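Colleague: I have not looked at this one before. Can you walk me through it?

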Amino acid sequence: MQNVINSLAVLGLLGTVISLFAVSALLRMVSQLRQELTVLANSTPADSFSAASRRVERFADADGRALFVLVVEEHCHNCEARSRHLAEIAGQVPGRLALLTADPGCAEWVAGTGIAVMVDSKLLGQVAVGATPTLLKYGADGAEQWRRVAGSDADLDSYLEAGAPASV
Amino acid sequence: MSLRAPDGRTLTIDGTPGAFLGGWAFMLWVDSPEGTYRLHTGTAGSTELVTKQTGEFAGFTVREVSWKGARLQSFEDTANNGTTVLWIGAHHELSTFVAGTSVPLEPFMDRLSKFDIQDSPEGIVLTPRPGSGRRLRNMLAANTIRDVCSLTVKPVEDVVSYIPKRAGKKVRGGQLWRTEERDTSGSLMYRTALIANETTATVLTPVRDDDPRLIEAAESVNFSLK
């Protein structure tokens, strides 16, 4: 009987020690989480999502020209309208022009113009655009300078002429 | 007839004495850390349809993009220096009004991304995402019975203060009171009917004052919100 009581006492002691270690580990995790949340709360949007930090190496240009990329989808009638308008004014835009899409059918909208068509789902994911059509401008070093959704042809004209919109 | 309200509850309507003019529209306030703004819901394309009928649409500058399978539009009204921004899904639309013109769509996308939006034939439901700090309040549903009256339905808990203390006439949809709307000088503008029950308070405003069909409608219609 005494042996049983001793065994239970040892097991109890061991359980207490293990529980203390578990609580200690838990407290450490909570402490780390609080520190990370504090850092996140104090960071500015520029720290986590600045346009300049989004760089695409293949968009860089040795000749120093900017690149305007219009991100489009095939089943989006505004994308087709913006693309066809871009094709019309391509000759007046100071810089390189490209269409970025996952749908090969979009190439037809700008066929016969100097607009490059990039059908590249992986790159599309990297660029991470939420709405289409969206126009992005990249500097000669391949760094993104700004992005704006192009809700009308007039918007597209103004973004291409005026440069970086104030709100982005 | 049952429909889903934007806060996820079900609004049931029965006993309608006439045809409703169209689908039900809802208005509600959204409280957010950045301030409060108003959202409207309606059937998909209804804002465009109504503004085309009123002739306003021709004066709008229209912008449109695709966003997560839905359409985002803005109707820029230069004459009134304001912009209506819309999310249009398969069945319903959401809209809000922003002062000024040349309004970018990105802030509207940011507002929408704070909600889980479920659009079905029964209605559109907005569920604030955890941690978004959004809260819905002051919901109101509205419709019109053709040539008879307009109706606004609110959750009864939001309007307890303006329900008369005296007992109303017992009708199918709860208790009925006649109320009067007066302008700031005290002159009578029109008489309305108020119906209240355990879940809703409904105001019926007649198209023509003293139209007997208003009371017929008020005595037969029943709303419940659960």
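Modeller: We can start with the ground rules and then take the interface, the strands and a few local features.

Modeller: This is a predicted model, where local features need pLDDT of at least 70, side-chain atom pairs count only at pLDDT 80 or more, and totals for chains, interfaces and linings use all residues. Residues are numbered from 1 along each chain as its sequence is written, chains are lettered from A and ligands numbered from 1 in the order written, and side-chain values use heavy atoms, leaving out hydrogens and water.

Colleague: How many residues does each chain bring to the contact?

Modeller: Chain A brings 17 residues and chain B brings 11 residues, with contact meaning heavy atoms within 4.5 Å.

Colleague: And what area do chain A and chain B bury?

Modeller: About 930 Å², 49% of it on carbon and sulfur atoms. Buried area is the accessible area (1.4 Å probe) that two parts lose on being put together, summed over both.

Colleague: How many salt bridges cross that interface?

Modeller: The rule finds two, a salt bridge being a side-chain nitrogen of Lys or Arg within 4 Å of a carboxyl oxygen of Asp or Glu. Arg148(A) pairs with Glu106(B) in a salt bridge, with the closest N and O atoms 3.3 Å apart.

Colleague: Which elements of chain A supply at least two residues each to the side that touches chain B?

Modeller: Those are α3 (77–89), β4 (131–132) and β6 (144–149). Helices (H or I, at least four residues) and strands (E, at least two) are DSSP runs, numbered from the N terminus.

Colleague: What does β4(A) pair with in chain B?

Modeller: Two bridges join β4(A) to β5 (residues 60–67) of chain B, running antiparallel; strands pair if DSSP finds at least two bridges between them. Ala131(A) has Trp67(B) as its bridge partner.

Colleague: New topic: where is the cis peptide bond?

Modeller: It joins Thr132(A) and Pro133(A), with omega about -5°. Pro133(A) sits in the loop between β4 and β5 (134–138) of chain A.
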